2 protein chains.
Amino acid sequence: MDMLTIGKMAKLNNISEQALRLYDKMGLLKPDYVDKQTGYRYYNIKQCARLDMISYMKELGMSLKQIKEHLDRQDVDVIHEVLKRQKILIDENIKKLKQKQKAIVRSIENYSRYAASPRKGVVSIEQLPQRKIYCYSCSINIYEHELDAYEYMLRELKSHILLHDLPMIYFCNVGSIIRKDVLDEGRLASNEIFLFIDDDFEASNGVEVIPAGTFACIYFDSFSFYKEKKYAGILLEHIKQNNYRIVGDYICEVVAELPIFKQNERNMFIRLQIPIELC
Amino acid sequence: MDMLTIGKMAKLNNISEQALRLYDKMGLLKPDYVDKQTGYRYYNIKQCARLDMISYMKELGMSLKQIKEHLDRQDVDVIHEVLKRQKILIDENIKKLKQKQKAIVRSIENYSRYAASPRKGVVSIEQLPQRKIYCYSCSINIYEHELDAYEYMLRELKSHILLHDLPMIYFCNVGSIIRKDVLDEGRLASNEIFLFIDDDFEASNGVEVIPAGTFACIYFDSFSFYKEKKYAGILLEHIKQNNYRIVGDYICEVVAELPIFKQNERNMFIRLQIPIELC
DNA sequence: CTTGACTCTATACTTAGTATAAGGTTTATA
DNA sequence: TATAAACCTTATACTAAGTATAGAGTCAAG
C-alpha cells in the first residue's frame with residue numbers, strides 16, 4: 001500500500017496543498033497517517049473518494065462547514081435533499097440571469113443610441129416599438145421641485161424595487177411621464193416615474209404599455225428640470241409648427257447614465273418623446 | 001441645502017453605514033463635508049448618483065477596486081465595454097447552469113432509483129431509454145486490478161474533464177463498459193470508463209450512444225471488483241437460464257454515491273446492465 | 001554528503017463587508 | 001439645564017475558502 005505525500009495527493013486531485021492542509025485542520029479530511037516526528041501528512045489513494053464527495057457537495061453550493069456536519073453525521077439522505085434544494089436555487093438563478101441579460105442588452109442598445117444619437121437639441125421623428133413600463137407614483141409634482149427632490153424620489157423607487165424583489169438592473173433605465181390630458185392643458189406636471197421592463201415581466205400592478213408608433217424626439221445631455229423645460233418647449237413648438245397631432249403621453253427617458261461626475265451630480269443622456277400623428 | 005448623516009444616507013440607499021465608511025476610506029465615495037472636530041461625515045443627497053453608479057457597476061460584476069479606477073479615470077466608455085463583456089459572461093453562465101441543472105435532475109432520479117430499487121442481488125428486466133456517454137480509455141484492464149488502480153483512473157478521468165472544461169458535475173455518474181465481443185468470449189475485461197452526458201452535449205470525440213432497449217439488471221451496494229464479478233456471474237447465469245440473447249455491451253453504472261465512509265472507502269450503489277433480446 | 005525538491009508551521013492577505021467595543025456627539029425630552 | 005436615547009467615531013476581530021510567503025526542517029538521488 002503506497003502512501004501519498006500531500007503534494008502528490010494535491011496534484012492527483014487538482015487541488016492546492018494548502019487546501020488539503022485546511023481540510024485536515026477542519027477535520028474534513030484527515031490524512032491516513034501523520035508522522036509524529038516530522039508532522040508529514042500521508043494520504044491513502046482511497047481517500048480520494050471522500051475528496052470527490054467534498055468537491056461534489058461544494059459544487060452543489062454547500063459550505064465546508066455544512067459538508068463537515070453532514071459527513072460527520074453519516075447522513076445518507078443529505079445529498080438527495082441538497083440536490084432538490086439546489087435544483088430550485090438554480091431555477092431561480094437562471095431566471096434572474098435571464099432577466100439581467102435582457103436588461104443588459106437594453107443597456108447596450110441604449111449606449112449605442114447615445115453614441116450614434118442625432119444632434120443634441122434637434123427634433124427628430126422616430127418609429128419606436130411597443131414598450132412596457134412599471135409606474136411608480138410619488139407624492140409630489142416633480143416639475144415643481146429641483147434635483148434634490150428627484151433624488152429623494154429615486155431613493156423611494158429604489159426601496160420599492162428592493163421591497164418587491166424586482167431586479168435592480170431595471171433601475172438604470174428610468175423615466176418620467178406627463179399624461180396627455182395634462183399636456184393638452186399646456187402644463188408640465190407629473191408625479192409619476194417609471195422603469196422600462198421586459199415583455200414577460202409578471203406583475204399585475206402598475207404595469208402599463210406604451211404603444212408602438214411615431215414619436216417626435218429630442219435628445220440632450222445632463223439634466224435639470226430647467227433644461228428639460230427648455231427642450232420640451234422646442235419639441236412642442238416643432239409639433240405645433242408642423243401641425244402634428246399629439247396622440248399620447250409625454251415621456252422623458254434616461255437613455256444612459258454616464259460615470260462622470262461634476263460636483264457629484266448625475267450626468268444623464270435624455271430623450272424626450274411625444275407620440276404624434278402626421279396630419 | 002440639508003446634509004445627510006451617514007445613518008440617513010445609509011438608510012436612504014439600503015446600504016450599511018460600514019459600507020459607506022469603507023467607500024470613504026477607499027476614496028470611492030467621499031462625504032461632501034467632514035466635520036474636522038468630530039470626524040462626522042455629512043453627505044449631499046446628490047451623491048446618491050455616484051452611489052447608484054457604484055452599485056450598478058457592482059451588479060455588473062466589477063470589484064470595488066475596478067470601479068474606483070474607472071470612476072477616477074472619468075472613463076465614459078467603461079460601461080459600454082463592461083456591459084458587452086458582462087453579456088458574454090452571463091451567456092456562459094446560463095449555459096453552465098443549465099448543464100448543471102440537467103446533471104442535478106439526473107442525480108435526483110438516480111437517488112430516487114436507489115431509494116426505490118429492486119431487491120439487491122435479484123435480477124430484474126428493465127426497459128431503459130437511449131443514453132449518451134463520454135468514453136475515456138485508460139491504460140489498464142480495470143478488472144485485473146484492485147480499487148487503488150480504479151481510484152487512480154478516476155483521477156485521470158477527472159483531470160481529463162477539467163482539461164476539456166467539461167462540467168465537473170458529470171463526474172458523479174460514471175460507469176465502466178465491457179464490449180460485447182469480449183463478453184461473448186466469456187471474459188470480464190475493460191479499459192474504458194465513461195460519464196453519462198446530456199443529449200445536447202457537444203463534443204465530437206469519444207461520445208457514444210447506448211441504444212434504448214430491454215436490459216437484464218442487477219443492483220448491489222458498495223463496491224469491489226470481487227463483488228462485481230460475483231453479481232455479473234449471477235446476471236449472466238440468469239440470462240443463460242432464460243435463453244436471452246445478449247445484444248450489446250455490458251454496463252456497470254454507479255447509480256449513486258453515498259456520503260458514508262468505512263475506512264475512507266467509496267460507498268457506491270451499482271447497477272449492472274446487459275442489453276438482451278427475449279427469445 | 002550535498003543538492004534540490006519537498007514539507008512543516010505560522011502569519012499576512014484577499015473581498016466586501018459585518019459585528020462589536022469603547023468612547024465622543026447630537027438631539028429630544030423632562 | 002440635565003440627562004437619556006439615539007447617533008457617530010475609530011479600531012479591532014471576524015467571515016469563507018483559500019493564496020502567498022517566510023523560515024525552518026525532511027527526504028531522495030547522485
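Visitor: What makes up the surface near DNA strand D, by class of residue?

Guide: By class, that surface has six nonpolar, eight polar and six charged residues. Ala, Val, Leu, Ile, Met, Phe, Trp, Tyr, Cys and Pro count as nonpolar, Asp, Glu, Lys and Arg as charged, and the others, Gly among them, as polar. This is a predicted model, in which local features need pLDDT of at least 70, side-chain atom pairs count only at pLDDT 80 or more, and totals for chains, interfaces and linings use all residues. Residues are numbered from 1 along each chain as its sequence is written, while chains are lettered from A and ligands numbered from 1 in the order in which they are written.

Visitor: Which residues come nearest to DNA strand D?

Guide: A residue is near a strand if its C-beta atom, placed from the backbone, lies within 6 Å of it. Of the 20 residues around DNA strand D, the nearest are A:S16, A:S63, B:T5, B:G7 and B:R41. Two or more residues each are given to this surface by α2 (17-26) and α4 (64-72) of chain A and by α1 (6-12) and α2 (17-26) of chain B. Such helices (H or I, at least four residues) and strands (E, at least two) are DSSP runs, numbered from the N terminus.

Visitor: Why are the two copies said to be related as by a two-fold rotation axis?

Guide: The superposition is by least squares on the C-alpha atoms of residues with pLDDT of at least 70 in both copies. A turn of 180 degrees and a shift of 0.0 Å along the axis lay chain A on chain B with an RMSD of 0.1 Å. The two copies are therefore related as by a two-fold rotation axis. Of the residues of chain A, A:I94 comes closest to that axis, at 3.1 Å (C-alpha).

Visitor: What makes β2 of chain A an edge strand?

Guide: Two strands pair if DSSP finds at least two bridges between them, and two bridges join β2(A) to the antiparallel strand β3 (residues 41-44) of chain A. The open sheet has the order β1-β3-β2 in chain A. β2 (33-34) pairs on one side only, as does β1 (3-5), and these are the edge strands.

Visitor: Why is A:D165 called exposed, and A:N14 partly exposed?

Guide: A residue is buried if 20 or more other C-beta atoms, placed from the backbone, lie within 10 Å of its own, exposed if 12 or fewer, and partly exposed in between. A:D165 has 8 such atoms and is therefore exposed. A:N14 has 14 and is therefore partly exposed.
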